[in-house]
Amino acid sequence: MSLQQEIQKRRTFGIISHPDAGKTTLTEKLLLFGGAIQEAGAVKSNKIKKGATSDFMEIERQRGISVATSVLAFNYKEHKINILDTPGHKDFAEDTFRTLTAVDSVIVVIDVAKGVEEQTEKLVEVCRMRNIPMIVFINKLDREGKDAFDLLDEVEQKLGLKVTPLSFPIGIGYDFKGIYNIWEKNINLFSGDSRKNIEETIAFNDINSPELEKIISERSAANLRSDLELVYEVYPKFDREAYLNGEQQPVFFGSALNNFGVRELLDCFVEIAPSPRPKASEERIVNPDEPSFTGFVFKIHANMDPNHRDRLAFVKIVSGTFERNKPYLHTRLGKKLKFSSPNAFFAEKKEVVDISYAGDIVGLHDTGNFKIGDTLTEGEMLHFKGIPSFSPEHFRYINNADPLKSKQLEKGIDQLMDEGVAQLFKLDFNGRKVIGTVGALQYEVIQYRLEHEYGAKCSYENFPIYKACWVEAPENPKDPEYLDFLRVKQKFLARDKQNQLVFLADSAFSIEMVKQKYPNLKLHFTSEY
Ligand code: GDP
């Protein structure tokens with residue numbers, strides 16, 4: 001098979017949802033179709049139980065499971081599918097944002113009863129900003145939920161999407177009869193039995209045919225006809241270009257638990273979802289079918305065994321092929337590295353492989369060379385863009401609690417920050433270190449890992465900061481407005497890991513005041529501007 005064909009058949013995507021909407025269940029059903037697993041229950045849900053914030057076993061368990069399910073790959077109908085795991089728990093949102101830089105499309109799962117929830121909103125916003133193609137799957141149709149049209153409205157309004165349904169439910173909850181597949185023009189009747197043979201689909205090109213009354217009740221048939229009439233009237237026709245450009249989002253309905261509506265989703269997905277897409281680097285746009293290998297690190301996972309402190313760096317291959325034992329250029333360090341045992345991922349297991357293609361993920365054993373965002377090439381000096389840091393939500397000073405172990409502490413903090421566990425800021429005026437995180441849980445993770453992996457102890461001290469704003473330096477470094485800002489706010493200025501200047505604002509009000517007083521000052525809410 002040519003390089004071109006290998007790349008064309010790849011579909012690398014992420015499933016995003018608010019916890020409990022059914023991401024794990026859907027993932028599992030997709031794997032079943034691929035024949036990648038034999039039974040339900042094989043994919044473990046990697047969400048942290050509510051109220052488990054002090055349970056270190058739970059944290060370790062979470063890390064263990066998430067490495068096992070970081071990438072789930074399987075083959076389906078001539079396609080190679082790579083599902084990238086995206087933690088739903090909000091304390092791990094940074095991790096999910098970074099993973100979204102490595103996907104070519106996403107499926108958004110929404111609970112029919114709960115509708116659009118908070119985490120869905122945040123994640124979809126990131127996808128929208130990056131024009132990532134999205135398919136929406138409305139799940140749990142076997143339960144009582146919201147009216148389909150109301151839900152479609154809600155998705156458009158709350159998520160800012162332009163939807164077009166490609167399937168439509170016949171009834172809902174107790175009354176749920178099945179699904180009309182607009183994409184394939186057929187009807188699938190619901191039996192409530194997840195093992196039911198999916199072959200029982202009834203082709204139905206003409207919805208006005210009197211045959212419809214023979215398979216669903218007169219009332220259901222009438223409702224379906226009028227619903228579909230409304231669908232065709234209100235929603236635009238599916239437009240693949242618009243979908244690929246992130247301008248239109250097809251919607252499917254189903255019940256992941258009952259394996260209902262999942263095959264329809266998957267069949268349409270492999271047909272319309274994009275194969276690996278070109279990616280921008282600081283120097284140029286890189287196309288997937290270029291013969292030379294390029295890729296970037298989007299995730300780093302520490303080894304759970306404290307005796308082997310090597311880590312696994314996850315690299316998304318952007319172009320060409322990645323080959324075992326071939327030297328590649330680490331462009332930030334300017335040195336060539338060889339990898340003797342690159343891992344490829346399959347459902348639930350990883351294996352050493354000789355060759356992987358654009359769109360695939362390889363796991364590289366690392367002893368401290370990689371940071372999130374690093375680029376590898378065959379020799380070209382490239383730097384891929386697009387792994388921004390967002391402002392953390394929590395800020396605390398970190399102090400050394402064991403003066404004899406200050407080296408270990410430094411190293412531990414450094415490596416954990418490279419992994420992207422949290423963000424480190426160093427205050428300009430006194431050099432103190434501040435750790436910023438998305439969720440409070442991270443502080444416990446950091447403290448625990450520093451102690452168990454690096455033999456260092458730390459304590460925290462509250463630092464009531466509202467948001468980190470990245471400050472863009474003006475063209476003229478002597479700009480009086482800028483200098484005045486630096487002087488007045490000196491106690492709130494810090495450097496991030498890239499040595500970029502950050503203003504740690506203590507309230508929304510103080511950001512407003514700064515904006516008013518220094519109208520020309522450029523403040524940004526992500527590190528990438
Ligand atoms: P995640 O947190 O998004 O990964 O959600 P899970 O896949 O773990 O599902 C959360 C809960 O919803 C579990 O108890 C599932 O059994 C249940 N669930 C998932 N899909 C369906 C569905 O289609 N119908 C019903 N009734 N329950 C579902």
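Student: What makes D20, K23, T24, T25 and D142 stand out around the ligand?

Tutor: They come nearest of the 17 residues around the ligand, where a residue is near if one of its heavy atoms lies within 4 Å. Keep in mind that this is a predicted model, where local features need pLDDT of at least 70, side-chain atom pairs count only at pLDDT 80 or more, and totals for chains, interfaces and linings use all residues. Residues are numbered from 1 along each chain as its sequence is written, and side-chain values use heavy atoms, with hydrogens and water left out.

Student: How do you know that a polar backbone atom of G22 makes a polar contact with the ligand?

Tutor: A polar contact is a pair of N or O atoms within 3.5 Å. The G22 backbone atom is 2.9 Å from an oxygen atom of the ligand, so the pair counts. For R143, a side-chain N or O atom sits 3.2 Å from a nitrogen atom of the ligand, so that pair counts too.

Student: Which helix gives the largest share of the shell around the ligand?

Tutor: That's α2 (residues 23-33), with three residues. Helices here are DSSP runs (H or I, at least four residues), numbered from the N terminus.

Student: Why is α2 called roughly perpendicular to α10?

Tutor: α2 and α10 (residues 262-272) pack at about 70°, with their axes 10 Å apart. Angles of 65 to 115 degrees count as roughly perpendicular, so the label fits α2 and α10.

Student: What makes the contact between them?

Tutor: L26, K29, L30 and F33 of α2 meet V262, R263, L265 and L266 of α10, with contact meaning heavy atoms within 4.5 Å.

Terms used: Polar contact = N/O pair within 3.5 Å; in protein donor to acceptor, adjacent residues only side chain to side chain. Helix = DSSP H or I, 4+ residues; strand = E, 2+ residues; numbered from the N terminus. Axes fitted to C-alpha atoms, helices over the stretch in contact; angles between N-to-C directions. Parallel < 35°, antiparallel > 145°, perpendicular 65-115°, else oblique.
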